[in-house]
Amino acid sequence: MGALIPRPRTEIAPGAVHVPGWLGAQRQRELVAACRSWASSPVPIRHTRLPGGGVMSVQTVCIGWHWQPYRYSRIAHDVNDQRVAPFPDWLADLGRQALIDAYQDPQAASAYDPDTALINFYEGQARMGMHQDKDERCDAPVVSLSIGDTCVFRFGNTESRNKPYTDVELESGDLFVFGGPSRFAYHGVPRVFPGTGDPITGLASGRLNLTLRMTGLADW
Ligand code: SIN
Ligand code: FE2
């Protein structure tokens, strides 16, 4: 936050755009406060268990729809059998503004109506391996918001988790959007730099990331 030299908006790959410093300090504080509340109830934040028996180093809480590997449901069956918190209109508005600004196109958000967010908290040595976001039944863009410690965000290709990829440093307040030909690109977080966040956000340590998505799912 408050960088002396503004970092430019950059298209990392077709449809994948990094917008540094997109969230102001007040917005970051509001998001941290909202995430803190969602992390405690109705479904507490947890280390997600993988079907193979492993446990993710990142802690995750979801709103709108609950994600567990590898599907969405309204009820957090793998946590406490509660229905997740609703996805608020103000966050959908923020997602639409993110698309307009990332793609610099006022029409970019006309059909965008995100209905879930995965909220990830990285502390200590937490990382995220290369993966695709592909449990959505919709190819609308993913909007990623970062707060707290700086990380290395590895943005790869749609074929495999291997090279070629581009490493981007995501700082507190940065926006990253991936859609179009990049929507199903592999990506991950190999490294977080502890102590690089500014406590003014309300986050004393660690890294918070929200990914807003359209699931394409409907209640029956
Ligand atoms: C994710 O890929 O779901 C999270 C990415 C991030 O933490 O920046
Ligand atoms: Fe992801």
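Student: Why is Glu159 called exposed?

Tutor: In this predicted model, Glu159 has a relative accessible area of 67%, and the word exposed is used for values over 50%, so Glu159 counts as exposed. Glu159 belongs to the loop between β10 and β11, and its C-alpha atom is separated by 18 Å from that of Glu136, 23 residues apart along the chain.

Student: What makes Gln104 exposed or buried?

Tutor: The relative accessibility of Gln104 is 60%, and since exposed stands for over 50%, Gln104 counts as exposed. Gln104 sits in the loop between α2 and β7, and, although it is not a glycine, it has a positive phi of about 50°.

Student: Which residue in the loop between β6 and α2 has a positive phi although it is not a glycine?

Tutor: That residue is Asp81, with a phi of about 60°, and its place is in the loop between β6 (71-73) and α2.

Student: Val84 is in the loop between β6 and α2 as well; why is Val84 counted as buried?

Tutor: Buried is kept for values under 20%, and because Val84 has a relative accessibility of 6%, it counts as buried. Leaving out residues up to four places away in sequence, Val84 touches Pro42, Val43, Cys62, Ile63, Gly64, Trp65, His66 and Arg74. Its C-alpha atom and that of Val58, 26 residues apart along the chain, are separated by 19 Å.

Student: How do you know that Gln59 is buried?

Tutor: The relative accessible area of Gln59 is 14%, and with the limit for buried set at under 20%, the conclusion is that Gln59 is buried. Gln59 lies in strand β4, where, neighbours within four places in sequence aside, it is in contact with Ile45, Arg46, His47, Ile119, Asn120, Phe121 and Glu123. Between the C-alpha atoms of Gln59 and Ala85, 26 residues apart along the chain, the separation is 17 Å.

Student: What makes Gln132, which is found in a loop between two strands, count as buried?

Tutor: Gln132 has a relative accessible area of 18%, and as the cut-off is under 20%, Gln132 is buried. The loop in question runs between β8 (128-131) and β9, and, not counting residues up to four places away in sequence, Gln132 touches Thr158, Phe184, Ala185, Tyr186 and His187. Gln132 and Gly197, by contrast, are 27 Å apart in space, C-alpha to C-alpha, and 65 residues apart in sequence.

Student: How do you know that the span of α1 agrees with what its number of residues leads one to expect?

Tutor: Helix α1 covers residues 25-40, which is 16 residues, and at 1.5 Å a residue it should span 22 Å; the end C-alpha atoms are 23 Å apart, so the two values agree. The residues of α1 that are buried are Gln28, Leu31, Val32, Ala34, Cys35, Trp38 and Ala39.

Student: What covers those buried residues of α1?

Tutor: The cover includes the strands β4 (55-63), β7 (116-122), β9 (142-148) and β14 (207-213), together with helix α2 (89-103).

Student: Which residues are joined by a cis peptide bond in the loop between α1 and β3?

Tutor: Ser41 and Pro42 are joined by a cis bond whose omega is about 5°, and Pro42 lies in the loop between α1 and β3 (46-49). The bond from Lys163 to Pro164 is cis too, with omega near 5°, and Pro164 is found in the loop between β10 (151-155) and β11 (166-170).

Student: How many helices and strands does the protein have, and what makes it as compact as a globular protein of its length?

Tutor: The secondary structure comes to two helices and 14 strands. The radius of gyration is 16 Å, and the globule rule gives 17 Å for 220 residues; because the two are close, the protein is as compact as a globular protein of that length. Along the principal axes, the C-alpha atoms fill a box of roughly 45 × 35 × 35 Å, and 51% of the 220 residues count as buried. Of the contacts between residues at least 6 apart in sequence, 75% join residues at least 24 apart.

Student: What belongs to carbon and sulfur atoms on the accessible surface, and how many charged side chains are there?

Tutor: The accessible surface comes to about 10500 Å², and carbon and sulfur atoms account for 52% of it. There are 21 positive and 23 negative side chains, with the centres of the two sets 5 Å apart.

Note on methods: Residues numbered from 1 in each chain as written. Chains lettered and ligands numbered in written order. Predicted model: local features only at pLDDT ≥ 70, side-chain atom pairs only at ≥ 80, totals over all residues. Heavy atoms only, no water. Helix = DSSP H or I, 4+ residues; strand = E, 2+ residues; numbered from the N terminus. Rg over C-alpha atoms; globule rule 2.2 N^0.38 Å. Buried < 20%, exposed > 50% of the residue type's maximum accessible area, 1.4 Å probe, protein only. Contact = heavy atoms within 4.5 Å. Areas by Shrake-Rupley, 256 points an atom, 1.4 Å probe, with all protein chains shown as cover. Lys, Arg positive; Asp, Glu negative; His and termini not counted. Charge placed at Lys NZ, Arg CZ, Asp CG, Glu CD. Expected span 1.5 Å × (residues − 1).
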